[in-house]
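Here are my notes from going through this one. Have the viewer open while you read, since the points jump around the chain.

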Amino acid sequence: MVSLENYADAFTIIPNTGYQETSFLITVSNATFLDYEDEVWQSFQMRIVATEVDLEEHQREQTVQINLINWNDEIPEFAEDEYVVEVLETAGAGHQLSLVQATDRDIDDEVFHSIVGTLGSQFSCSQAGQVSIALNDVLDYERQTSVIIQVQARDSLLTGHPGETLHTVYAQLEIRVLDVNDETPDLRMPRTSPSIVENSPAGTVVTMEILATDPDTTADLEFSIDWSQSYAIKYGQEAEKHTYENCFIIEKHPETINRVFGHLIVNPEFEYDVDYEMYEMIYLTIRVEDLNQEVNEGTAEAILTVRIEDVNDNAPEFIGDTLETLRSVVEEALTGTLIGTIMAGDIDGPQFNQITYSIEAVVEQGTTPGWVRINPSTGVIEVDADQAIDCDDPKLDYLEYVITLSDGDHITTGNVRRLLKTVLLKTILLQILNYTLLYFQIKIDMIDTNNKLPEETSFEKTIEIYENTTEGVFVTIGATDQDRDSPHNFVWFMIDYESIRELQNLFEIQPDTGDLSVRLLGGAQLDRDFGPASHYIPIKYEVQLPRERNSNNTHVTVVLLDVNDNAPVMPSPAQFQPTVGENFGALIRRIIVDDGISYRILSIEPGEDHADPIPDISNAFEIVSDRTTNSGTLVVKSDLKGCYGTWRITIEAYDHGDEWTSAISLTSNETYNLRIDPYNYNEPRIVYPVAGQTIRLRFNDAYVNSPLVTTNGVPLQAFEALDPDGGTYGDVTFALTGSSNGEDHLVFRFDKEDREKSHLRITELIQSRTYSVNLQARDGGGLYQDLIDVRIIFVDIQGEPFFPESEFSGSFTENTPGLVEKIVIPEAEDPKNTGVTNPEEMFSIYYFLNPESDTFELDSETREMTLKQPLNREAIEMHTLNVIATNNRDGPITWTSGSVLEVQITFELDYYGVGITTSDFVTKALITVVAFDPDTVDHDQLIYYILPETIVAQGTNLEAIKDEAFTMEPVTGVIRLNRAIDDSHTGFFEFMIEVRDSDSGFGPHTDQARVKIYIIAESNRVSFIFLNSMDDVKAQETYIKFVFTERFGFEANIDDIERRSQNDNQTVVRCHFIENSEAIDGDIIRARIVDLDFIQGIQNDLTSRGLFLNGYVPTTPETTNPEDAFQELLNIILTVVCAVLGVLCIVIGIAFYLRNRSLNRQLKALSTTNFGSVSSNLNRMGAPTTNIFAMEGKNPALNDQDFQREFMYDAKSIQSDDSDFVGIDKDPTFMPQKTSMESTNSGLFGGRSLNPMVDLKRDDDYTRF
């Protein structure tokens, strides 16, 4: 290749050689030369030269024209990587900042510029790269001193060349903001209102927390107080301005040029003191000004509240003539009785104007301290000592006191009588001492009352007279009264006959002298034998006033001296009932008969409730007489242990005569019941069962609340404990507690037979196993025997012997030596022998070969196996024998292999639970039980049934229906509801069900399971939604119950499993939960489901079995019953029908209104015009062919005059009963009615309407054609 320029350096020819004829390619070898932006290379020519190898002169040329195609291969470039511009912060929108422009070498390529990032809304960039401010107030030196903008340059040439892309480059523009003093100062007051104590000296600092800030770099801040805007208040009222104006100044204390503190201090040039009594709060208008402000407002203001703190600089003062007011008090006034109030004041503030009042008695004037008090806060004077004020002893006419005032620092006291002489001196002295002392004295008059009780003088109060005395004064009562004034001190006497009425016939007293004498009236006698031995005479003596009486009481006891003419009278058995404890040997009971009486015991005989044998207590008691106290005391002489019970004791009383008449002794006796209460000496001793005893009972005959039977077939004997103590102390009660298995005792209870014996019962269905319990016997006094271990074994007497191991191997020697060898097979176990310790009571087990063998022989008792004939190992190396164990000595009735276990039938579950409600219908399937029988002999021959004797009903009104409440289908195992449940039924049913296979093979076999059916409410049920088919859910029903029980912590029972609507993949599981045999409210379960973590755990458990719990029904569905669904559908239909009928009624109403309005218009058009003009004669014209009755006044029903005109009527119609007008005058339609027109034209037309239709009643049933 040949070219004028270096064009050939950019290309190469491939291949560059060939033979005779060849083709070649011109390819680019150096693309750097191909630059469209270089005009030389945009279009050029090259010569292609072909030369023979051997003869180079043989050449030929060909010119090739090459045109370059432009494409976007150049990247835009900025002149600088970073641009910097400075601008004032006040620059606004449109201000041009800088030209940031990039260039691109590509021909025909245009570069576009833009701002990258969020600042694009605040700044603008032209296509040519001119950056400007887009908005006002974008720049703020105080907020940001520098702004960085990223400018993007992007080319735009697209030539369509493959692989061609646009290019983007970036440059940075830094905008340096220049500060301008444009920020308004910020003034901040202290967070809390400052305070200053009144009377503070000049220069006292109030606060140093007044802060002014200004972010400007040239700020110069100055403080001032605008007193024209400031004000002060006292008690809510504005104070006088001259009392506080210029009282404060502000000193400037700069921290920096931008942060200055102002110290508020007391102005040294202020002529007054800061005075709390003048103002208590000052509201200062504080102003700060920036002296160098250039733009915007340069000042700021704020209100500063300064509290003036009070000091106690004023003394309290009495108000008016409060000390000279007359006051009085009644003697013996009650505590708190108001006497008066002292009025005083203090002009200091609330903290220091609290006046404390005190009062001091003037003792030298006879005033007793403590009678009167003054309220220290209110100045109220009142009685202090309750009923202590006394003007009688000593006799006083008034009380004198000194009142003192104090506010804590100042005291005001004094005596008014000394005021004139000492006030000047005292005032001068106390001003020096900084407190004021004034003397004031108050006087309180005392009012005498009849407050003193008359007091008796000394006289003999016990008088002895003979019981036959009939008259005479025997004592004089004396009394005085200490009241100050008369008539409060004149005493009168009287006997209180109201208290003892019989005294009015025996004694009397002189009212003025107090002479007491015998006065017998109405045949009364003073008789000691048949009356009281003494007489208590209450006497009242008093001061009698018209409105009040002040009295006191005394008494005289008249003792009648006895004459021995009657025998002693013993108390009745009801009055004297001695009682003693069996362990008590001290004083029991005192018997009182009369003075001078002695006692002795005649006999003691047994009564009832004694120990057996009856002990002898004839010398156990004695009675001790005491003539000085007129009593006899029954005393225990010996130990009374074992002597409890009631005894009959006979006691004799005898007197010793009297010294006035004779010495004859008289006697009497009485028999009393002496009760000796038993004592708890002994603890009970358990006789049966003994410690560690094993009790074996028949499991097959164990029923709830029924007698238990031992394995021997006899009833279990009563548990017995002996306690020789009497009464309740010998009454023994048995109790069972837990042993190693802590809950075994819960299934037992006791029925008490007598005080020593109780029968064991079970409270619920039990299992065939051993129950380990502790037995305790406790008597009525709380003593008990230590717990003893008892094992109660319920034995399944229908069980057969079995081998613990199903296989056993042994060996014999072949040929003759084996005939003398023997093998002992393993011993079988019999469940009927569980817990048997006596070998004689154990069931014997016998062993047999099945079938019998001609080679081997087995001893049925010793289990020894021997050979009947020699063995040949070469013929048979191993023999397999079946051994059976049985209780039948003669061998089993049906043979079975001892090495092959008998297959038993079993229920799927040991326990089934379900709930029923009042809405459940009869025949509803409640439970479907399933039993498994691996035997193929009796497959599909299982029979299910309820054991009637095991049905237990716990609750209300269940006992009567328990036997017929449920039925069980014998083939399917479905338990159905057989009787409706209503609201009167509460509680639960519990019973056993049994399954039985056929008699073939080793049958029949049975198994039992427990069923518990709870009566619940619909509110107890909770419905869960599963995203599974109903069959899948039913297959996992047992697992669902297990998960719900474990997770919720309550016993879960499934009541229903049904498809949700028509969706085959959604199933509703309706459950209820039980705790302590009580149904749990469904809301409790639903409240726990709300916990997402809790429900997630349940879903994870169920998902492991392929069950998907999707949710729950918030409330129990009420329409699951088909009848309820039909009722709901019927309600919907009736609602729709009612709505349609309502719409029809509205339509009919509208049509009626429109039709009625149309008819009224037609009637109005048919009526004649009612002319109202008098001069008009149109109403009276008889126009031809005009109906006469269509004109006014011509209707015979409305015109009485025309009624007499014969030409208008048919004579026949008038005389007949067929007239159309008969009774028309009674029709209210044609009755005359006044209208507005009648009142206008009544004088012209006789009160009749000119239009006969004007008053026509427009009823639908009447408006017709």
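The points below go through cores, sheets, helices and backbone oddities in turn.

1. First, a reminder that this is a predicted model. Keep that in mind when you get to the unusual backbone spots further down.

2. Start with the largest nonpolar core, which counts 32 residues. Leu-187, Phe-248, Leu-264 and Leu-284 have the most contacts inside it. Several strands feed this core with at least two residues each, including strand 16 (205–213), strand 20 (248–254) and strand 22 (281–290). Strand 23 gives the largest share, at five residues.

3. Leu-187 is a good residue to click on. Leaving out residues up to four places away in sequence, Leu-187 touches Ile-210, Leu-211, Ala-212 and Phe-223, among others. Its contact list also takes in Ile-286, Arg-287 and Val-288, as well as Ala-300, Glu-301 and Ala-302. As a rule, nonpolar side chains in soluble globular proteins tend to be buried together.

4. Next, strand 56 (residues 770–778). Why call this strand largely enclosed by the rest of the structure? Because seven of its nine residues are buried, meaning under 20% relative accessible area. On one pairing, strand 53 (residues 733–738) runs antiparallel to strand 56 over six bridges, with Leu-736 and Leu-775 as bridge partners. Strand 57 (residues 788–795) is also joined to strand 56 by six bridges, again antiparallel, and here Asn-774 has Asp-789 as its partner.

5. There is also a little open sheet of three strands, ordered 65-70-69 with antiparallel pairing. Strand 65 (925–928) and strand 69 (966–968) are the edges, each pairing on one side only. Neighbouring strands in this sheet are turned by 20° on average, ignoring direction. Three bridges link strand 65 to strand 70 (residues 974–977), and Ile-927 sits opposite Ile-975. Ile-927 turns up again in a nonpolar core of 30 residues, together with Val-914, Ile-916 and Ile-993 among its members.

6. Helix 3 (residues 1037–1048) looks regular in length: its 12 residues reach 16 Å from first to last C-alpha, close to the 16 Å expected at 1.5 Å a residue. Which of its residues are buried? Tyr-1039, Ile-1040, Lys-1041, Val-1043, Phe-1044 and Phe-1048 are, so note the lysine in that list. Right after the helix comes Gly-1049, with a positive phi near 80°.

7. The unreviewed UniProt entry annotates residues 1129–1154 as a transmembrane region. In the model that span is 100% helix and 0% strand, with its end C-alpha atoms 38 Å apart.

8. Now the backbone oddities, beginning with cis peptides. One joins Asp-393 and Pro-394, with omega about -5°; Pro-394 is in the loop between strand 30 (380–383) and strand 31 (398–406). Another joins Tyr-688 and Pro-689, with omega about -5°, and Pro-689 is in the loop from strand 50 (685–688) to strand 51 (694–698). For background, most peptide bonds are trans, and most residues other than glycine have a negative phi.

9. Two non-glycine residues have a positive phi worth a look. Arg-863 is at about 65°, in the loop between strand 60 (856–858) and strand 61 (864–867). Ser-1077 is also at about 65°, in the loop between strand 75 (1063–1075) and strand 76 (1078–1079). Is Ser-1077 buried or exposed? Neither fully: its relative accessibility is 28%, so Ser-1077 counts as partly exposed.

Definitions and conventions. Residues are numbered from 1 along each chain as its sequence is written. This is a predicted model: local features need pLDDT of at least 70, side-chain atom pairs count only at pLDDT 80 or more; totals for chains, interfaces and linings use all residues. Side-chain values use heavy atoms; hydrogens and water are left out. Two strands pair if DSSP finds at least two bridges between them. Helices (H or I, at least four residues) and strands (E, at least two) are DSSP runs, numbered from the N terminus. Axes are lines fitted to C-alpha atoms, for helices over the stretch in contact, and angles run from 0 to 180 degrees between N-to-C directions. Buried means under 20% relative accessible area, exposed over 50%, partly exposed in between (1.4 Å probe, protein chains only). The expected span of a helix is 1.5 Å times one less than its number of residues. UniProt positions are given in the numbering used here, feature names are shortened, and annotations may be inferred rather than shown by experiment. A nonpolar core is a set of buried Ala, Val, Leu, Ile, Met, Phe, Trp, Tyr and Cys residues joined through side-chain atoms within 4.5 Å. Contact means heavy atoms within 4.5 Å.
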